[in-house]
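Visitor: I work at the bench and would like to learn how to read a model like this one. Could you walk me through it?

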Amino acid sequence: MQHYLSMVLFSVDTADPKDVLWLRERGIPIDKMTTNPTSKSKVMKRIRDEEGRTVSSFDVVDMLLDLTDCPISVETLGTPDYRPETMDPDIFVQEAETIGKYDSRLVVKFPLVAPALVAARALEGMYPVNFTLCFSAHQADLAADYGGTYVSPFLGRIVAELERDDEAEALLRGIIEKYGKDLCSTKVLAASIRNEEQLMMAAKYGADVVTVPMNVIRDMYEAHGEGALAIIQDVRLRRSRRTVSSLWRPTYSKDFNYSEMQPWQRELLDAGVRTFLDDARSVGYSVLPKAA
Ligand code: G3P
């Protein structure tokens, strides 16, 4: 088993090509990008309102691919009608294949719910997967067990829900420690970061990736001026957790089990799924090509 050291990667949590230009003007490095139906729908609406043209979610992906050279996470929906009750593993599989075949830089984003895990098992590691909407240790175990390339714990939403930092911090630390102990290669992508403190906390514990929304980056520029770039560079010089080059293989040994989650964790997951689907519905976001 070979261990290697790696640094914290700086990802930007946006789907807006304008943001990429803003970051580029300031020399801010973009190691990765994460998008979701909320950020995609905002861009689709902005382009419609400002430029009077209708763009699809894949048009937005094309713009991002043209502007960057980093991996970009693209979210699946898993339902034909934007309803959580109709999420279906076969649809997740078709969406994952569409995304995975579209460009080798795209990472398939699966919500950490039961039908998406069934899909991940069927895909047998064919495409890189970012398991998102992680609020619990149980989901993080499943992300590793089902061969996730990344798991995205949603730190800021936990802090906002509980009005305390410690649960988010404990979840992140717990995942990093457990993955380290189990020699698991799934990378920890700290997501839903609301401020600089949460960013620094994730870097301190050695997340493999931090994905930071634009408002946090802009706030850092307000607070520190050009010094913000040095802070971001400093984050990228931090050592992330010790990863393994890995013999880790998915085991598919567990099933998703709501009862292994706290009520507030279940609520955050359900609300997160609903919000992404509602935002997707608001612009007709689709991952599958429209039927002719
Ligand atoms: O893209 C995942 C995540 O960072 C979104 O989080 O809570 O800012 O919507 P949030």
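Guide: Gladly; we will go from the overall fold to the ligand and its surroundings. Please keep in mind that this is a predicted model.

Visitor: How many helices and strands are there in the chain?

Guide: The chain holds twelve helices and ten strands. Its radius of gyration is 18 Å, close to the 19 Å that the globule rule gives for 292 residues, so the chain is as compact as a globular protein of that length. If you prefer dimensions, the C-alpha trace spans about 50 × 50 × 40 Å along its principal axes.

Visitor: Where does the ligand sit?

Guide: Look in the largest pocket, for that is where the ligand sits.

Visitor: Which residues surround the ligand?

Guide: A residue counts here if one of its heavy atoms lies within 4 Å of the molecule. By that reading, the ligand is surrounded by Asp13, Asn36, Lys109, Phe154, Arg157, Ala191, Ser192 and Arg194. Sorted by character, this shell has four charged residues, two polar ones and two nonpolar ones.

Visitor: Which side chains have a polar atom 2.7 Å from an oxygen atom of the ligand?

Guide: For a polar contact, look for a pair of N or O atoms within 3.5 Å. Arg157 places a polar side-chain atom 2.7 Å from a ligand oxygen, and Arg194 has one at 2.7 Å from an oxygen atom of the ligand. Asn36 joins in with a side-chain N or O atom 3.1 Å from a ligand oxygen.

Visitor: How much of the ligand's exposed area does the protein bury?

Guide: Taken alone, the ligand exposes 310 Å², and the protein buries 88% of that.

Conventions. Residues are numbered from 1 along each chain as its sequence is written. This is a predicted model: local features need pLDDT of at least 70, side-chain atom pairs count only at pLDDT 80 or more; totals for chains, interfaces and linings use all residues. Side-chain values use heavy atoms; hydrogens and water are left out. A polar contact is a pair of N or O atoms within 3.5 Å; within protein, one must be able to donate a hydrogen and the other to accept it, and residues adjacent in sequence count only if both atoms are side-chain atoms. Accessible areas come from the Shrake-Rupley method with a 1.4 Å probe; for residues, only the protein chains shown count as cover. On a 1 Å grid over the protein atoms alone, a cavity is a set of points where a 1.4 Å probe fits but cannot get out, and a pocket is an open set with protein on both sides within 12 Å along at least five of seven lines; lining residues have an atom within 4 Å of a point. A molecule sits in a cavity or pocket if more than half of its atoms lie within 2 Å of its grid points. Ala, Val, Leu, Ile, Met, Phe, Trp, Tyr, Cys and Pro count as nonpolar, Asp, Glu, Lys and Arg as charged, and the others, Gly among them, as polar. Helices (H or I, at least four residues) and strands (E, at least two) are DSSP runs, numbered from the N terminus. The radius of gyration is taken over C-alpha atoms; the globule rule is 2.2 Å times the number of residues to the power 0.38.
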